[in-house]
Amino acid sequence: MSKFPFYKQHDAMDCGPTCLRMVAKHYGVNHSIQALRQQSEIGKDGVNLLGIAQAAEQMGFRTLAVKAPLKKMAADAPLPCIVHWNQVHFVVVYRIKKNQIYVADPAKGLLKYTATEFESAWATTVEEGERAGIALLLEPTPKFFEDKDTLSLGGESSKMGFSYLYSYVWRYRNLWLQLGLGLLVGSVLQLVLPFLTQSVVDTGIQTHNLHFIYLVLVAQLMLFVGRMSVDFIRSWILLHISTRINLSILSDFLAKLLRLPISFFDTKLTGDILQRIGDHSRIESFLTGTSLNTLFSMINLLVLGVVLATYHLTIFGVFALFSALYTGWIVFFLRYRRQLDHKRFALASQNQSSLIQLITGIQEIKMNNAEHLKRWQWENLQVRQFKLSMKGLEIGQYQQAGAMFLNEGKNIVITFLAATAVVNGQLTLGAMMALQYIVGQMNSPVEQLIQFVQHWQDAKISLERLNEIHEMEDESNLRGVPSLAPKGGIDIVPPLGARGLFVQNLSFTYPGAGNEPVLKNINLHIPAGKITAIVGTSGSGKTTLLKLLLRFYPVQKGEIRLSSFTSPDCRMERQGTGLNTIPHRQWRSQCGTVLQDGFIFSDTIANNIAVGDEVPNLQKLLHAVKVANIQEFIEALPLGYNTKIGTEGNGISQGQRQRLLIARAVYKDPDFLFFDEATNALDANNERVIMENLEEFFKSGSAGRRTVVVVAHRLSTVKNADQIVVMEKGEIVETGTHFELTRQQGKYYELVKNQLELGN
């Protein structure tokens with residue numbers, strides 16, 4: 001018990017960060033309690049499990065929150081882990097041994113509990129008939145060991161190399177030791193077999209000693225059973241290691257993917273990302289399969305090579321020469337395999353994307369009678385893949401033909417030399433049979449060495465593709481200005497409620513050579529607690545401006561600031577907080593959004609509304625559906641809020657889908673609301689009711705009235721806004737209220753006139 005590091009919490013609210021500090025120290029890394037406090041977002045009520053998990057992931061841990069019984073925890077949970085104690089405290093469980101649970105309690109010290117005592121404080125719920133408790137499982141990733149002095153905040157981009165990957169392997173060194181012992185035993189057993197074969201021929205057969213032959217055969221049978229047992233155990237250990245490593249590498253990749261900016265996913269095909277996920281299986285296979293088998297084989301090759309050399313040095317030299325030629329022939333084709341692999345990846349990515357579009361877009365395909373065209377497009381991809389496979393087969397056949405020639409030629413030459421040695425009296429017949437057995441056993445390691453070279457190339461190519469993702473900067477690093485927070489801390493940003501937005505000299509162009517600016521020198525004041533409507537013709541830049549306010553993309557020119565001042569004079573707002581200095585998560589936690597392409601998950605209605613909550617808050621849920629005027633529809637369904645709807649909202653109408661998205665934004669209870677054509681699919685009655693409900697919701701913010709930005713075409717949606725901004729060709733051409741702008745009879749008046757089909 002004294003070996004586990006212990007830190008005492010400084011005050012009653014520090015239990016979570018202190019537990020995290022103890023776990024980090026257990027793995028050999030020191031972190032300051034102040035940095036952990038900040039990163040876990042400790043508040044007046046302490047810290048919750050989500051805050052601890054976020055801080056742990058920033059440190060480089062892989063986390064998983066579970067609710068499980070003690071028996072399952074003891075069998076499967078990696079230790080140490082952090083558990084929720086008496087529903088008000090956090091402690092570390094660092095060892096479970098029979099009926100004893102060892103706990104590091106930051107308030108009391110290192111303690112030992114019986115299973116009954118432990119469950120009484122931890123297992124406070126019942127799960128599938130068993131008492132269960134909540135735990136946060138933690139496993140360090142390679143990133144955890146990169147910086148041993150300070151807490152990494154930005155999720156720094158990291159390039160993966162084979163040394164980085166083997167850090168995943170090293171953490172299972174105890175199991176590798178067991179595998180090594182198995183290898184040693186297997187090698188010894190294999191080494192004995194050729195000598196037994198020789199003794200059967202030279203002693204048993206030559207002397208007609210049947211009892212000796214029986215004895216040797218029994219020994220061979222026992223050796224065979226022993227080798228099988230060792231291989232069986234080794235396979236189970238290897239399966240356990242490879243599964244854990246594959247899960248770890250893939251989990252870290254997905255975590256990295258989710259840290260990338262939203263703009264990354266604008267330019268990446270779904271199939272391309274799926275193919276990169278598939279690359280992980282090649283890397284895992286190389287790390288735990290090919291590498292390990294090759295290591296074992298090389299030791300066997302070395303041992304058997306020494307034995308072969310003692311039998312006949314010339315035969316050993318022939319074997320070494322032909323094996324070197326064989327290896328060189330295979331290496332010669334690696335360049336062609338690399339070229340084919342890149343082409344195969346690109347085609348497979350297109351094929352994945354094509355299949356996804358074929359399935360998800362089936363409604364539009366059938367409505368436009370495009371079944372044959374889309375199928376033919378997919379079949380063309382299959383033809384291209386087939387031609388590529390034929391090219392790969394052709395190269396493989398050339399490679400195999402040369403390899404077989406060298407391999408079989410080697411066996412023929414060795415057989416001739418061995419037979420000649422027997423005739424000349426240099427070898428006995430038993431020694432010849434033993435020698436042939438040894439050569440046969442040595443062929444397998446040479447084959448595995450060749451496979452290692454090929455798999456090494458495959459893994460290297462996969463690693464290069466994955467590094468395209470891992471080398472990208474995390475979204476949290478794209479703030480545009482250096483943070484003023486102390487090293488190891490986080491930005492301290494004042495509360496965001498009751499603050500307006502000031503846009504100054506903002507210009508934006510989508511990436512791509514020759515693209516025209518979408519926004520040009522935008523200057524705009526969005527007052528706090530008011531409704532600002534943005535209108536204009538299609539392509540005028542409305543949605544792009546909204547996405548910049550939501551930080552989908554980094555600002556290229558100009559700035560966006562938050563300020564509690566109400567003056568529209570942007571020159572006086574230099575004292576405000578730059579939006580790019582606020583952490584993305586903090587800003588988005590204050591923003592409710594309804595976008596044109598809002599996504600409906602394949603999940604229950606309740607979970608689709610409460611996307612960010614593991615367990616929906618019933619009171620907030622009922623309020624949200626009431627504001628969105630969809631309560632009657634949901635409660636009329638047989639399963640109510642537990643009704644499952646499909647991806648992209650299958651099974652519900654466009655209007656119902658839009659109301660679910662509005663309910664999602666309301667449920668979040670934000671200080672800022674951003675609507676992009678949020679009611680364009682609603683009928684007039686539903687729109688009127690929802691707009692009235694939203695007007696009440698806008699007034700009920702925690703810091704007073706909520707700040708609302710609405711992009712819309714409908715007059716009914718924008719006419720009551722406190723401010724209407726008219727955009728055309730990426731510029732603001734008019735600003736004012738509905739009454740002021742119609743009286744000016746400018747661009748807004750034309751939009752209204754065209755919508756209502758008014759005369760001149």
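Start with the hairpin of β3 and β4: two residues lie between the strands, and Lys98 takes a positive phi near 55°. This is a predicted model, so please hear every value as computed from that prediction. The two strands of this hairpin, β3 and β4 (residues 100-105), are antiparallel and share five bridges. Within that pairing, Val92 has Ala104 in β4 as its bridge partner.

Now go back one strand. β2 (residues 81-85) pairs with β3 (residues 89-97), again in the antiparallel sense and over five bridges. Here Ile82 stands opposite Val92 in β3. β2 and β3 also make a hairpin, with three residues between them. In that turn, Asn86 has a positive phi of about 55°.

Staying in this part of the chain, look at Ala107. Ala107 sits in the loop between β4 and β5 (109-114). Is Ala107 buried or exposed? Its relative accessibility is 33%, so it counts as partly exposed. Which residues does Ala107 touch, once neighbours within four places in sequence are left aside? The contacts are Lys8, Gln9 and His89. Gln9 is 98 residues away from Ala107 along the chain, yet the two C-alpha atoms are separated by 6.0 Å.

Some overall figures. The protein has 760 residues, and 46% of them count as buried. Its secondary structure comes to 24 helices and 19 strands. Among contacts in the protein with a separation of 6 or more, 73% are between residues 24 or more positions apart. The exposed area is about 38900 Å², and carbon and sulfur atoms supply 58% of it.

Next, the annotation. An unreviewed UniProt entry lists residues 175-196, 208-226, 286-309, 315-334 and 412-439 under "transmembrane region". I will take two of those spans. Residues 208-226 are 89% helix and 0% strand in the model, with the end C-alpha atoms 28 Å apart. Residues 412-439 are 82% helix and 0% strand, and there the end C-alpha atoms are 12 Å apart.

On to the sheets. One is an open sheet of four strands, in the order β9-β8-β11-β12, with antiparallel pairing. Its edge strands are β9 (519-526) and β12 (577-578), and each pairs on one side only. β12 is joined to β11 (residues 557-563) by two bridges, and the two strands run antiparallel. Arg561 has Gly578 in β12 as its bridge partner.

The other sheet I want to show is open as well, with six strands in the order β13-β16-β17-β10-β18-β19 and mixed pairing. Which strands stand at the edges? They are β13 (591-594) and β19 (731-736); each has a single partner strand, so one side of each is left without a neighbour in the sheet. From one strand to the next, the twist averages 15°.

Inside that sheet, β16 (residues 672-676) and β17 (residues 707-711) run parallel and are joined by five bridges. Asp676 stands opposite Val711 in β17.

Two helices pack here. Helix α15 touches β10 (531-536), β16, β17 and β18 (723-728), and its direction makes about 155° with that of β16. Helix α21 (residues 684-698) lies across β10, β16 and β17, and also runs at about 155° to β16.

α15 has a second set of partners. This helix, residues 542-549, lies across β8 (500-508), β9 and β11, at about 120° to β8. Those strands belong to the four-stranded sheet, β9-β8-β11-β12. So α15 has strands of that sheet and strands of the six-stranded sheet as contacts.

Last, helix α20, residues 654-667. What span should its 14 residues have? At 1.5 Å a residue the expected value is 20 Å, and the end C-alpha atoms are 20 Å apart, which agrees. How many of its residues are buried? The count is 13 of the 14, so α20 is largely enclosed by the rest of the structure. Just after α20, Asp669 takes a positive phi of about 55°.

Conventions
Residues are numbered from 1 along each chain as its sequence is written. This is a predicted model: local features need pLDDT of at least 70, side-chain atom pairs count only at pLDDT 80 or more; totals for chains, interfaces and linings use all residues. Side-chain values use heavy atoms; hydrogens and water are left out. Buried means under 20% relative accessible area, exposed over 50%, partly exposed in between (1.4 Å probe, protein chains only). Contact means heavy atoms within 4.5 Å. Accessible areas come from the Shrake-Rupley method with a 1.4 Å probe; for residues, only the protein chains shown count as cover. UniProt positions are given in the numbering used here, feature names are shortened, and annotations may be inferred rather than shown by experiment. Two strands pair if DSSP finds at least two bridges between them. Axes are lines fitted to C-alpha atoms, for helices over the stretch in contact, and angles run from 0 to 180 degrees between N-to-C directions. The expected span of a helix is 1.5 Å times one less than its number of residues.
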